[in-house]
Amino acid sequence: MNCEVCGSVIHGTPKRIVLEGTRLVVCSECSILGEPDLKPQFESTVKPKPAIAQPIRFGSSKLPKDFEELDIVEDFPERIRDAREKIGMTQKDLAKMVKERLSIIQKLEVGKMVPDMRLARMLEHALKIKLLTPRSEPKVEDVEGAEYELTLGDIIQYRRKD
Ligand SMILES: [Zn+2]
């Protein structure tokens with residue numbers, strides 16, 4: 001390797017310097033002509049690692065703590081019935097467990113009644129299922145959007161077709 005300034009063969013370790021904005025590899029004698037280049041030569045071509053974006057955590061303080069920000073899952077009748085049958089529990093047993101009348105359980109399982117938050121919590125516990133889900137999107141306020149919203153009856157009908 002030759003010195004890029006004087007052209008003589010470099011003995012020992014070549015020095016990297018910056019001379020008038022140009023990076024040069026020079027001999028130790030010529031190294032005094034410029035500023036020592038402390039940075040690795042190809043550093044500028046190495047892209048810095050992109051910062052890893054913090055994943056959005058749903059467990060953060062933004063998680064709704066309020067019952068009012070929770071929705072009952074659409075398929076709660078199926079979930080209740082399936083879970084109850086899996087355990088081998090009768091509707092009467094379940095009614096006793098959640099301290100409700102049998103007729104309430106019957107209505108819930110056919111989707112004729114939507115459980116309130118308290119009852120939903122009780123059912124979740126009794127059947128070890130999820131009935132409450134964080135409200136994902138704010139309700140569309142304008143009237144135009146409203147007509148596209150499925151009613152609970154529509155959803156049940158749709159699901160029964162398949
Ligand atoms: Zn030199």
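Reader: Which residue stands opposite V26 in β2?

Author: That's K15. Bear in mind that this is a predicted model.

Reader: Sure. How do β1 and β2 run, and how many bridges join them?

Author: They run antiparallel, with five bridges between β1 (residues 15-19) and β2 (residues 22-26).

Reader: What does E20 do in that hairpin?

Author: E20 takes a positive phi near 50°, in a hairpin with two residues between the strands. That's a positive value in a residue other than glycine, and E20 lies in the loop between β1 and β2.

Reader: Buried or exposed, that E20?

Author: E20 is exposed, because it has 8 other C-beta atoms within 10 Å, and a residue counts as exposed with 12 or fewer.

Reader: Where else is there a positive phi outside glycine?

Author: At K128, where phi is near 55°. K128 follows α4 and lies in the loop between α4 and β5.

Reader: And why does K128 count as exposed?

Author: Because K128 has 10 C-beta neighbours inside 10 Å.

Reader: Okay, on to α4 itself. Which residues are buried there?

Author: In α4 (residues 117-127), A120, L123 and L127 are buried. They cover an arc of only 65° around the axis, so they sit on the same side of α4.

Reader: What's exposed on the other side of α4?

Author: R118 and H125 are exposed there.

Reader: And what covers the buried residues of α4?

Author: The cover includes β4 (70-72), α1 and β5 (132-134).

Reader: Switching to α3: which residues are buried in that helix?

Author: I105, L108 and E109 are the buried residues of α3, which spans residues 102-109. Looking down the axis of α3, you find them within an arc of 95°, so they line one face of the helix.

Reader: What covers the buried residues of α3?

Author: Among the elements covering them are α1 (76-87) and α2 (91-97). α1 is also part of what covers the buried residues of α4.

Reader: What happens just after α3?

Author: G111 comes there, with a positive phi of about 75°.

Reader: Let's zoom out. How many helices and strands are in the chain?

Author: Six helices and five strands. Starting from the N terminus, the order is β-β-β-β-α-α-α-α-β-α-α.

Reader: How much of the chain is buried?

Author: Buried residues are 14% of the 162 residues.

Reader: And what share of the contacts with a separation of 6 or more comes from residues 24 or more positions apart?

Author: Those residues account for 46% of such contacts in the chain.

Reader: What about confidence, what does pLDDT average over the chain?

Author: The average is 80, and 65% of the residues score at least 70.

Reader: Where does pLDDT stay under 50?

Author: Over residues 59-67. For that stretch the model has seven contacts beyond four places in sequence.

Reader: Got it. Back to the two helices for a quick recap: which arcs go with the buried residues of α3 and α4?

Author: For α3, the buried residues fall within an arc of 95°. For α4, they cover an arc of only 65°.

Key. Residues are numbered from 1 along each chain as its sequence is written. This is a predicted model: local features need pLDDT of at least 70, side-chain atom pairs count only at pLDDT 80 or more; totals for chains, interfaces and linings use all residues. pLDDT is the predictor's confidence in each residue, from 0 to 100. Two residues are in contact if their C-beta atoms, placed from the backbone, lie within 7 Å. Two strands pair if DSSP finds at least two bridges between them. Helices (H or I, at least four residues) and strands (E, at least two) are DSSP runs, numbered from the N terminus. A residue is buried if 20 or more other C-beta atoms lie within 10 Å of its own, exposed if 12 or fewer, and partly exposed in between; C-beta atoms are placed from the backbone. The arc is that of the directions from the helix axis to the C-beta atoms.
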